[in-house]
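Please open the structure in your viewer and keep the selection panel at hand. The tour below proceeds stop by stop.

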Amino acid sequence: MTHLRWHDYRYYPYERVLARREVLAVLGSGAIEESDNGLFLSAGVDREAAENLTYFSRVEGGKGVTHTTQARLEAAARSGRTRQATRYSVHGLHEYKGKFNPQVAKALLNIFGIGSSSKVLDPFCGSGTTLVECAHLGATGVGTDLNPLAVFITNAKLTCLSIPIHLLQEDFDRLCKHLKRLKKPRLGAPMNARDHYLRAWFVEEQLAVVESVMVSVRSVCAERAEVFLAIASNLLRDYSDQEPGDLRIRRRSSPMPEIPFEEAFYTACNKFLERVEAAQLVLGIRGKGSSAVLGDVRKSRNRTLTGPFDAAITSPPYATALPYIDTQRLSLVWLGLCEPSEIAGLDSALIGSREATTRQRKELQAKLDANLMKLPAEQNEFCRSLSNSIGPSDGFRRIAVPGLLYRYFSDMLDGFKSVAKHLRPHAPYALIVGHNHTVLGGTRKDINTPMHLASLAKAAGWEIEEVVPLQTYRRYGLHAVNAVETETLLILRNAGRPKSLV
Ligand SMILES: C[S@@+](CC[C@H](N)C(=O)[O-])C[C@H]1O[C@@H](n2cnc3c(N)ncnc32)[C@H](O)[C@@H]1O
């Protein structure tokens, strides 16, 4: 008899469902009985495998009591007994918008039987939650994202897992000494578009401090500079003239933080390095061979995607996406990842973007009216019904929604076709998808994105295996008003190898 004990935080119902499925997949155990504080299995189990489970803290029975890897990882990052830790290991490096829950990613990897010889793709990898969980399990994770900041953050996280922690700690010690020796930093004359752009968004003395951190990190931390720059970039908006909590770009009305930038930076580095150290004590060195690359999921001929992959796990953009680029434009420019003049183009290139010029909007409407992108009837009719609901009081942004949604569906269809080419036949593809709504003609219109994506995936040749509602699942880093309260887990199977790659 084996007893698997729950963690002591509060569970959502879907977490218990995933927990049972993981047990079946990882331990292959038939008889499972639920107790107040866990699950009883009638047979003895493979301890090593059981220690990889996500939703259990301990394995009891037979050879005594052992803590799961997950419990040991989370212990270093728990802020209270009743809340699940989600910033353990390297997950807390950066508060990228729309990050998904690492426990869900890990549970899915276990359910799909991913092990140390497996390769997993996250085609919309964002800040790398899936890739980090792959690294924890010893698997190879490969990610693509069209946002250079996402790629930068993901690779910084993977670097932290793949080098001995003392190297980062030594960098940090040198960095602190270097920064403390500096006299009051001053800005030189602006040299380029980057400098002019940043001056428009920072008070001069503040920018001088931020720039001195950049110069010091680059000169002291060599090839590990990305880690410290990612931490600093996470603080950037808080110290700028932009309203930091806003999803739109507005001039700041809230007061500046009381803690100086350098101090906030030191505190963030210390906290982060402690968690990486704790993770390395539990896992050792991981993540070599995993990486994120800048790429567009709609383009299947991406040569950097060294598949075939055994599974794909992702959270795609919403139908009307979060402003991933807009809210991070200071970081993008500060890190030299894009020129100020490239921001708008980058923003409108992302799937789900709300950005479109008047001409593009008209073109989209024309495409929708004639279904030029050859979408399945269901999605085309849905977009047309939204078009027909537009009322006289709907402004410029609302009128554009049907056309933008049509473009989103068409992009996701291309994405499904492309991902299929990189996965093994019958390999699973899991997507955590948010619901949306819009208001047209004064009436709320629900957009059942998971159902539409399932239908598009089918049109792209995928088999729909399951559609599982994840009650009260919340994405992190969102405002209450923008938070998505219900998400759906969509599990697809690759129906077979497309002819073009056979
Ligand atoms: C919901 S976020 C992913 C968040 C990620 N799961 C995490 O935990 O950080 C969706 C991502 O899709 C990316 N994206 C949008 N259009 C894309 C495209 N055409 N190709 C690749 N990535 C794209 C966005 O930049 C964004 O990072």
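Two strands count as paired if DSSP finds at least two bridges between them. With this in mind, select Ala 430, which stands opposite Ile 491 in strand E14. The model on the screen is a predicted one.

**Stop 1: strand E14 and its partners**

Select residues 487–494, which form strand E14. Is this strand largely enclosed or largely open? A residue is called buried if 20 or more other C-beta atoms lie within 10 Å of its own. In strand E14, 7 of the 8 residues are buried, so the strand is largely enclosed by the rest of the structure.

Add strand E10, residues 428–434, to the selection; E10 and E14 pair in the antiparallel sense over 7 bridges. Next, add strand E13, residues 462–470, which is joined to E14 by 8 bridges, again in the antiparallel sense. To find one point of this pairing, select Pro 469, whose bridge partner in E14 is Thr 488.

**Stop 2: a hairpin**

Select strand E11, residues 436–440, together with strand E12, residues 443–447. These two strands are antiparallel and share 5 bridges. Leu 440 has Thr 443 of E12 opposite it. The hairpin of E11 and E12 has 2 residues between the strands, and Gly 441 takes a positive phi near 55 degrees there.

**Stop 3: an open sheet**

In what order do the strands of the open sheet lie? This sheet has 5 strands in the order E2-E3-E1-E4-E5, and their pairing is antiparallel. At its edges are strand E2 (32–35) and strand E5 (65–67), each of which pairs on one side only. On average, neighbouring strands of the sheet are turned by 20 degrees against each other, direction ignored.

Within the sheet, select strand E1 (residues 2–6) and strand E4 (residues 56–60), an antiparallel pair joined by 4 bridges. Arg 5 has Arg 58 in E4 as its bridge partner.

**Stop 4: the two domains**

Colour domain 1 (2–85) and domain 2 (102–142 + 290–322 + 352–501) separately. Their C-alpha centres lie 31 Å apart. To the contact, domain 1 gives 13 residues and domain 2 gives 12 residues. On the side of domain 1 that touches domain 2, the residues comprise 8 nonpolar, 3 polar and 2 charged.

**Stop 5: the ligand**

Finally, select the ligand and the 22 residues that surround it. Which residues are the closest? They are Phe 124, Gly 126, Ser 127, Thr 129 and Asn 147. The shell around the ligand consists of 11 nonpolar, 7 polar and 4 charged residues.

Key:
Residues are numbered from 1 along each chain as its sequence is written. This is a predicted model: local features need pLDDT of at least 70, side-chain atom pairs count only at pLDDT 80 or more; totals for chains, interfaces and linings use all residues. Axes are lines fitted to C-alpha atoms, for helices over the stretch in contact, and angles run from 0 to 180 degrees between N-to-C directions. A residue is near a molecule or strand if its C-beta atom, placed from the backbone, lies within 6 Å of it. Ala, Val, Leu, Ile, Met, Phe, Trp, Tyr, Cys and Pro count as nonpolar, Asp, Glu, Lys and Arg as charged, and the others, Gly among them, as polar. Domain bounds come from an automatic or database domain assignment. Two residues are in contact if their C-beta atoms, placed from the backbone, lie within 7 Å. A residue is buried if 20 or more other C-beta atoms lie within 10 Å of its own, exposed if 12 or fewer, and partly exposed in between; C-beta atoms are placed from the backbone.
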